[in-house]
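Q: Please pick one part of this model and look at it closely. Start there, then work outwards to whatever surrounds it.

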Amino acid sequence: MNHLLNRISGLTIRSSNHQIRNYSLKSSSLASTRGAGSSHGNIHNINNPISNINGINSKGVKSRFININDISIRHQSTANALTSNNNNNNKNNDDKTIIAIGPDGTKYSIPMKPLGPYQKHRHAPKLPPHIVKKRIKHLRIMTGAARQIRHSPWRLNLICQFVAGQTVNDALRELPFVNKVKAPLVQSLVQGTANSAMTKHGLLKSQLEIVECFATQGTHLKRIKTMGRGRAGKMYRRFTHIRIVLREIDFPLKIMQCTSINQRNQWVKKMELAKAEVEEYQVEKEEIEALEREAEAVKKQKEV
């Protein structure tokens, strides 16, 4: 009996050590949650989510959040933005940093290596959630909808799930190759919502991403379903509603949230494409405005 108790206690000790070892990598308040009768905790310290330079908080426990000083990004509570904290102009560091421009025109210096000194950690660190929420809160959005579509909501939702989470350019490029009947309809809805965003907010397609896209059931029609042996049953003609939400892309935030160098390079390419398109659009807009002013001047001279 004593031998059995020793074995059970040994298993308990090993399991508790295993849990402590796991929690120590993802809990920022492990030492504070240990009580007199508990051996581990799983509560995150929300009030002080940012760790020191070495990735360890004041209590000696590894934090699950990225140190903002370490990634050269800092939160501005007044502007709700990230600002650059690394002003080194060394030539060796120029090749390892990304200069990203936010929606408000602020420039950020972001390292090419996604996780920096945290690369070998089991639980990858991330930006504090309150910074992400505050930045997303100030981005411009555009909604679109299509109602009473004569199609099954389950089948149409397959296309919506494929589109959701992509950028507008990627969705419009891939939808023509989707082998579904209503794929052209979803493509036209995305195109129309992007045009509305261009008219209302002046946002190009390269600056937009599809945040939400889903299909719900509309008002159905009841019909008679003929069955064998003279029986009759119900048959429903399904109708569907689609809702889509486009949001402005925060490129510095997207780059910071990448967990690999390839993902970061892809977002850098998208950012450069958007920047080039915006500059081209501004040049065209200025030319059109200049021509309109010239036409008005000529019209006034003729009237005089």
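A: Start with helix 9, where the buried residues are R264, W267, V268, M271 and A274. Bear in mind that the model is predicted. Helix 9 covers residues 261-303, 43 residues in total. From first C-alpha to last, helix 9 reaches 63 Å. That is close to the 63 Å expected at 1.5 Å a residue.

What covers its buried residues? The cover for helix 9 includes strand 3 (97-101), strand 4 (107-111) and helix 8. There is a core of 16 residues to note later, but first follow helix 8 back along the chain.

The loop between strand 9 and helix 8 holds D250. D250 is buried, as its relative accessible area of 4% is under the 20% limit. Its contacts, leaving aside neighbours within four places in sequence, are G102, P103, R135 and L139. One of these contacts is also a charged partner. R135 and D250 form a salt bridge, with 2.7 Å between the closest N and O atoms. R135 sits in helix 4 (residues 129-137) and D250 in the loop between strand 9 (240-248) and helix 8 (251-257), so the bridge ties together parts 115 residues apart in sequence. Both R135 and D250 are buried. Side chains of opposite charge can pair when their charged atoms come close.

Searching the whole structure gives 7 salt bridges. Two others are worth a look. D170 and R173 meet through their side chains at 2.8 Å, N to O. They are 3 residues apart in helix 6 (residues 168-174), which means about one helical turn separates them. D170 is buried, with a relative accessible area of 15%. E212 and R243 also form a salt bridge, at 3.9 Å, N to O. That pair links distant parts of the chain: E212 is in strand 6 (residues 208-217) and R243 is in strand 9, 31 residues away. E212 is partly exposed at 34% relative accessible area. R243 is partly exposed too, at 36%. Shared partners also matter: salt bridges join D170, R173 and K270 into one network.

Now the sheet. Strands 5, 9 and 6 make an open sheet of 3 strands, in the order 5-9-6, with antiparallel pairing. Strand 5 (141-149) and strand 6 are at the edges with a single partner strand each, so one side of each has no neighbour in the sheet. On average, neighbouring strands here are turned by 15° against each other, direction ignored. Strand 5 and strand 9 run antiparallel and are joined by 7 bridges. R243 appears again here: in strand 9, R243 is the bridge partner of A145. Helix 5 (residues 153-163) lies across strand 5, strand 6 and strand 9. Its direction is at about 170° to strand 6.

Next, the packing. In soluble globular proteins, nonpolar side chains tend to be buried together. The largest nonpolar core here has 25 residues. V168, V186, V190, I210 and I242 touch the most other members. Strand 5, helix 5, helix 6, helix 7 (183-201), strand 6 and strand 9 each supply at least two residues of this core. Helix 7 gives the most, with 6 residues. Take V186 as an example: V186 touches L156, I159, V163, L175 and I242, not counting residues up to four places away in sequence. Apart from this core lies another, of 16 residues, with A100, Y108, I255 and C258 among them.

For contrast, end with a hairpin. Strand 7 (residues 221-226) is hardly covered, and 0 of its 6 residues count as buried. Strand 7 pairs antiparallel with strand 8 (residues 232-237) through 6 bridges. One bridge pairs T226 with A232 in strand 8. The hairpin has 5 residues between the two strands. Here R229 takes a positive phi near 60°.

Notes
Residues numbered from 1 in each chain as written. Predicted model: local features only at pLDDT ≥ 70, side-chain atom pairs only at ≥ 80, totals over all residues. Heavy atoms only, no water. Salt bridge = Lys/Arg side-chain N within 4 Å of Asp/Glu carboxyl O. Helix = DSSP H or I, 4+ residues; strand = E, 2+ residues; numbered from the N terminus. Buried < 20%, exposed > 50% of the residue type's maximum accessible area, 1.4 Å probe, protein only. Pairing = 2+ DSSP bridges. Axes fitted to C-alpha atoms, helices over the stretch in contact; angles between N-to-C directions. Contact = heavy atoms within 4.5 Å. Expected span 1.5 Å × (residues − 1). Core = buried A, V, L, I, M, F, W, Y, C linked by side-chain atoms within 4.5 Å.
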